[in-house]
Each structure stands twice: as C-alpha cells, then as structure tokens.
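Please examine the sequence and the structure shown below before reading on. The explanation proceeds step by step through selected features.

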Amino acid sequence: MPDVAKTLTDQVLRRVRDVHGLAHSRAFVRTLLSHSQRLLNSLLGIVTTSTTFVTYAHQQFYQISGLLTSADAITKVMAVREGSRDLTHLTNIRQLNHLDTRWVRAIGPRFDAWTQLGRDMVIIYPAKTLNSTVTIVGAKLTTELTGEDTALELPDEYHDHIISLTEIMLLAKQRDLTQAVRQLQRLSHALKTDTIPLKLHVGDNPAMVNAGTVAPPKQ
C-alpha cells in the first residue's frame with residue numbers, strides 16, 4: 001500500500017523538530033509535499049500520462065494546454081509518437097535550423113522530430129499535407145495532497161526525496177539556512193543517480209536514453 005500524506009507529514013515535522021505542528025501547520029506541510037512531488041516528477045518523469053491529439057495540415061506549432069484535458073495535465077513533454085514510432089527529440093529550436101534551414105515550410109509524408117518551445121508550445125517537424133494524429137507522453141501533474149489520507153503517486157523509493165525537499169523549504173522559512181544548504185547538498189547528491197542518462201547498447205549501436213526503451217536496429 002502506498003504511503004499517504006499523513007505519513008510523510010509526520011516525518012517532515014519530526015525532521016524540523018515541530019512534531020505538534022506549532023510552527024508549521026499540517027495543511028501547510030501537505031501543500032509543500034504536493035509541490036515537492038510535482039517538482040520531482042517533472043524532473044525525473046517517474047509517473048507519466050499520454051494523450052492522442054489531432055494534428056493539422058501545414059501546421060507545426062501546437063499549444064500544449066489547448067491539447068490536454070485537466071486529467072491529462074503534464075509538467076514536461078517527454079516523448080512524441082506517431083503510431084508506435086518515437087519521433088526524434090531535438091533539444092531546442094536551433095537544432096531544427098541545423099537539421100533544415102527551411103524547416104518552417106517543410107512538408108513531408110511523416111513526422112520525424114519534435115522540440116518544445118517555452119513551457120506551452122511543441123513543434124512537430126515536418127508538417128503534413130493532411131490532418132493526422134500523434135501521441136504526447138509527459139510527466140504527469142501529480143494529484144494534490146488535499147487530505148491526510150491522500151496517497152502519493154511516486155513510488156516509495158522516491159518519498160525520501162519528497163520529504164527532503166519539503167524539509168529544505170521549511171528550514172529556509174525558519175531561517176535555518178546553514179542546515180537548509182546542508183540538506184540541499186545531500187539531496188542534490190542523491191538525485192544525481194536518478195538523473196544521469198543510461199547508456200544502453202543494442203547490438204553495436206549505443207544510445208543515450210533517460211528512463212525509456214531503445215528499439216533494436218533493423219536486421
């Protein structure tokens with residue numbers, strides 16, 4: 001059974017030596033735990049959601065918030081797929097210029113790549129001459145911890161990170177900056193192992209991935 005908000009709230013208050021919640025109300029701590037879980041999931045992409053939407057002829061720019069329902073809300077796009085095929089993820093719009101200096105007007109038979117522009121815009125390259133569909137996969141906007149019995153969505157092994165991040169914010173609020181910095185350094189070190197890309201080898205072809213799968217090369 002996954003941990004609930006009460007369990008983590010108790011642990012946070014013990015860490016900041018406020019067991020009875022006199023300096024920090026339990027509701028306030030739950031709010032910080034909610035934000036911490038969402039921030040970490042946005043960083044690590046542990047809990048994901050996906051939605052399929054229609055693309056339009058001769059269009060490459062799409063506003064994410066206009067494509068997703070509240071149930072599908074995401075904090076970061078992680079992948080764009082056409083059918084079962086993952087499109088190439090370009091880090092930024094400059095890579096599109098390197099790929100094709102006339103990419104804005106490019107038309108093709110299939111989608112090849114995507115990149116995110118700002119927080120709410122995704123570019124899918126090239127455009128098609130007909131309407132089509134793609135699937136967006138993203139880090140889910142996790143459920144707000146509205147009550148003591150609300151369950152967390154990140155697996156148990158990430159709960160210490162959530163607690164630590166909440167503790168850091170409370171320590172900063174208490175002006176205990178020395179301890180806050182010490183805990184932040186500890187958390188940063190712990191997160192390194194969760195954010196370093198894994199190098200996978202498929203046959204003779206290495207590929208760098210973040211928490212995903214690599215399709216074997218065609219024989």
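The following paragraphs consider a sheet, then its aromatic contacts, and finally a patch on the surface.

The structure is a predicted model. Within it, four strands make up an open sheet of mixed pairing, arranged in the order β2-β7-β6-β5. The strands β2 (61-63) and β5 (88-89) each have a single partner strand and stand at the edges, so one side of each lacks a neighbour in the sheet. In general, the strands of a sheet pair through backbone hydrogen bonds, in either a parallel or an antiparallel manner. Here β5 and strand β6 (residues 113-117) run parallel and are joined by two bridges. Histidine 89 has tryptophan 114 in β6 as its bridge partner.

The aromatic side chains may be considered next. The model contains two aromatic pairs. In the pair of phenylalanine 61 and tryptophan 103, the ring centres lie 5.9 Å apart and the planes meet at 40°; the pair is therefore tilted, since this angle is neither under 30 degrees nor over 60. The pair connects distant parts of the chain, as phenylalanine 61 belongs to strand β2 and tryptophan 103 to the loop between α3 and β6, 42 residues apart. Tryptophan 103 has a relative accessible area of 5% and is therefore buried, whereas phenylalanine 61, at 35%, is partly exposed.

Phenylalanine 61 also takes part in a nonpolar surface patch of about 210 Å², together with Ile93 and Leu117. Isoleucine 93 lies in helix α3 (residues 93-99) and is partly exposed, with a relative accessible area of 31%.

A further contact involves a charge: the charged end of lysine 128 sits over the ring of phenylalanine 111, 4.7 Å from the ring centre.

Conventions:
Residues are numbered from 1 along each chain as its sequence is written. This is a predicted model: local features need pLDDT of at least 70, side-chain atom pairs count only at pLDDT 80 or more; totals for chains, interfaces and linings use all residues. Side-chain values use heavy atoms; hydrogens and water are left out. Patches are made of residues with over 30% relative accessible area and no salt bridge: like charges are joined within 9 Å, nonpolar side chains (Val, Leu, Ile, Met, Phe, Trp, Tyr) within 5 Å. Accessible areas come from the Shrake-Rupley method with a 1.4 Å probe; for residues, only the protein chains shown count as cover. A salt bridge is a side-chain nitrogen of Lys or Arg within 4 Å of a carboxyl oxygen of Asp or Glu. Buried means under 20% relative accessible area, exposed over 50%, partly exposed in between (1.4 Å probe, protein chains only). Two strands pair if DSSP finds at least two bridges between them. Rings of Phe, Tyr and Trp (its six-membered ring) pair if their centres lie within 6.5 Å; planes under 30 degrees apart count as stacked, over 60 as edge-to-face and the rest as tilted. A charge sits over a ring if NZ of Lys or CZ of Arg is within 6 Å of the ring centre and within 35 degrees of the ring normal.
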